[in-house]
Amino acid sequence: MEDEEMEKKVQQYLQRKGFRLTELALQEERNRLSTTSLSLSDVALARSENDPARYYDGYSKLRTWTYSSLDQYKHELLHVLYLVYIHCFMDLVAVGHTHEARSFFHTFRENHERMYSRDLQKLEGILLPLHLEEIELARSLRKNKSRVKLCEYSYGLLLQYLQKTQAFVVLGIIKERITFEVSPGQSSLISDDSDVVTLIGTSKDLAKQINQKEVHVHWGLLEDSVEECMEKEKALSDSDKTEAESKDADTEDSKKRSSEGGKQGGSYKKVKKDKLVGATGKSMKSETSMVSVAPLVKPELMLPVMPVEVEQSILDDLRNRAQLNSLALPSVSFYTFLNTHNGLNCSSISHDGSLVVGGFSDSSVKVWDMSKIGQPPKASSSQGENGTSQGEHVLTSDEGRRSYTLFQGHSGPVYSAAFSPSGDFLLSSSSDSTIRLWSTKLNANLVCYKGHNYPVWDVQFSPVGHYFASASHDRTARIWSMDKIQPLRIMAGHLSDVDCVQWHVNCNYIATGSSDKTVRLWDVQTGECIRMFIGHSSMVLSLAMSPDGRYMASGDEDGTIMLWDLSSGRCVSPLVDHNSCVWSLVYSCEGALLASGSADCTVKLWDVASSTRAFKMDDTKGGSTNRRRILKALPTKSTPVYTLRFSRRNLLFAAGAL
């Protein structure tokens, strides 16, 4: 107070004496001193805000309060606690307190290990501020707000706590990083699942935007396909058979009418009953086939002409197909790879089960012909990149026992292999970012396709051959044709690796599963994403399309299988029984059963016909129920199941490495 009075008196004296320059110099000096003191106070405040002790203190108090809350609200508040925890950790790393950040991360990690173990494993690799941009999860969390679902009462309790404690660090994180979706009523109205915490502007919002596009998914079969020809042939034979039966029945009825009255009435009722039973049997039989009721769709791609002998072979298989349902389960043939020494990365089986291929870590591809297993060994050939044989007709002690054909050409581990529908060609993809086409007739490498920039995780032939699709670490899927070395389409949009790819039965769409926990459906003609499926809590490893093309199954790293309706983008039913990665999924030929192969060393058969039928009923009623029905679990001794294949005659093949 005295200093202010003294300054006023000095200023009055200078004005009275007319010392104008001295007055201005004094005022400038006063302003400089006040600015310096203000900047020093700002620096001290900033340092106190970035002080690691403030993060420890703010989070510890919120943690104590959350765990002391009632159990009815605690499970919701724990989601908020988790977000505060990871943002405190990342903020400490961002300002350079890496040692304190690591200590904070490991001190409180056990609080969230049960619900968010996978996310914590990814965030554990953050050691420097640079990693916040390199690690995808951290980058997404810092660039987007997280939406948390809370009931009205939990939200009120949280606001009261924040107002009372004035924890500025926690308050700043919540204000900047979190948005609350408040629902009226008690917390029991909100499900405790992975949907409680979502990132705004990422997968869920994008999926809603994509699925609301006015793009109709034509999910039927191709016009003039072999299956359609078979259905027409079957319909004609059934109609002829019905007419013959009706004529026989009418002749028998006329004979019966000439006999006695009592016998006449009884036999007439019996014939009627037999007719009714026959008709019911036919209708039940047709109900098990989803293919027969599928609409017909025109192809968007130029399809190759199928050779007559191949078409005849397929028709023979379809005529001899076993009808499967929940009461008639398939026979299973399991191929086990022995002495692979953890070198087998992938396996695939041809459509008739006669050929089995394995892709290995030493960059080799090996094909076994099942018809030659057990025969006396012959001189085998190994094929190089240029198709010339290496060591042909030279038998060593190992080669004399060789029962496979060796293909060599890749320069890195082989991650995927697939046979063409006819079995004449084989595709393989590798960490060397290439895809190779091999001839199983010539035992030679035909083409090397280059286009991806990183390892190619999966490759699949289209149902008609000629075209194929690939999935890569570069976050893209690509469509190729056998006669062109450049991709025809590039599907970009996933936020992480594209781990698996699957063609739709009418070749107009492909589906991709990714490490970003989503599945996307792409239009082959335009290359656009037309459906996005959200619901998995871990990376998607396997996909399968139903024979009628209406439904899709996807399996993830946690062992969860989800059935999707392609038209609406909705989940039909989750199938939960595996306890490890689902590596392979396949529908039976009529679509009544779904087989799944897992790292838990089991093959499981699911009744998906009842699930989809219940979904249709619930859809019309406006309700939603989950149907989970496992028909049978087929355990191996200790062999993880790498691949599954239903033959055209509905025999189930499986393969794995012991």
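## Strand pairing and the overall picture

Two strands count as paired if DSSP finds at least two bridges between them. That is a handy idea to carry into this predicted model, where β17 and strand β18 (residues 467-472) comfortably qualify, pairing in the antiparallel sense over five bridges.

Stepping back to the whole protein chain, the secondary structure comes to 15 helices and 34 strands. Of its 658 residues, 46% count as buried. Sequence separation gives another view of the chain: among contacts between residues at least 6 apart in sequence, 58% join residues at least 24 apart.

## The sheet from β17 to β20

Let us follow the strands of this sheet. Four of them form an open sheet, in the order β17-β18-β19-β20, and the pairing is antiparallel. At its edges are β17 (456-461) and β20 (489-492), each of which pairs on one side only. From one strand to the next, the twist averages 20 degrees.

If you would like a specific pair to look up in the viewer, try valine 456, whose bridge partner in β18 is serine 472.

## The sheet from β21 to β24

Further along the sequence there is another open sheet, made of four strands in the order β21-β22-β23-β24, with antiparallel pairing. The edge strands here are β21 (498-503) and β24 (529-534), and each pairs on one side only. The twist of this sheet averages 20 degrees from one strand to the next.

Within this sheet, strand β23 (residues 518-523) pairs with β24 in the antiparallel sense, over five bridges. One position to pick out is valine 519, which stands opposite phenylalanine 533 in β24.

## Helices α4 and α5

Now for the helices. Two packed helices are described by the angle between their axes and the distance between the axes. For helix α4 (residues 71-94) and helix α5 (residues 98-108), the angle is about 165 degrees and the axes are 8 Å apart. Angles over 145 degrees count as roughly antiparallel, so α4 is roughly antiparallel to α5. The crossing of α4 and α5 is left-handed.

On the α4 side, the contact involves Tyr85, Cys88, Phe89, Leu92 and Val93; these meet Thr98, Glu100, Ala101, Arg102, Phe104, Phe105 and Phe108 in α5. By residue type, the contact of α4 with α5 divides into nine nonpolar, one polar and two charged residues.

## Lysine 74 in α4

Helix α4 also holds lysine 74. Is this residue buried or exposed? Lysine 74 has a relative accessible area of 19%, and because the cut-off for buried is under 20%, lysine 74 counts as buried. Leaving aside neighbours within four places in sequence, lysine 74 is in contact with Thr66, Tyr67 and Ser69.

## Helices α3 and α10

How do helix α3 (residues 52-67) and helix α10 (residues 168-177) cross? Their axes come within 8 Å and cross at roughly 80 degrees. The range from 65 to 115 degrees counts as roughly perpendicular, so that is how α3 lies relative to α10.

In α3, the residues Arg54, Tyr55, Gly58, Tyr59 and Leu62 meet Phe168, Val169 and Val170 in α10. The residues of this contact divide into six nonpolar, one polar and one charged.

Conventions
Residues numbered from 1 in each chain as written. Predicted model: local features only at pLDDT ≥ 70, side-chain atom pairs only at ≥ 80, totals over all residues. Heavy atoms only, no water. Axes fitted to C-alpha atoms, helices over the stretch in contact; angles between N-to-C directions. Helix = DSSP H or I, 4+ residues; strand = E, 2+ residues; numbered from the N terminus. Parallel < 35°, antiparallel > 145°, perpendicular 65-115°, else oblique. Left-handed = near helix turned anticlockwise from the far one by under 90°. Contact = heavy atoms within 4.5 Å. Nonpolar A, V, L, I, M, F, W, Y, C, P; charged D, E, K, R; others polar. Buried < 20%, exposed > 50% of the residue type's maximum accessible area, 1.4 Å probe, protein only.
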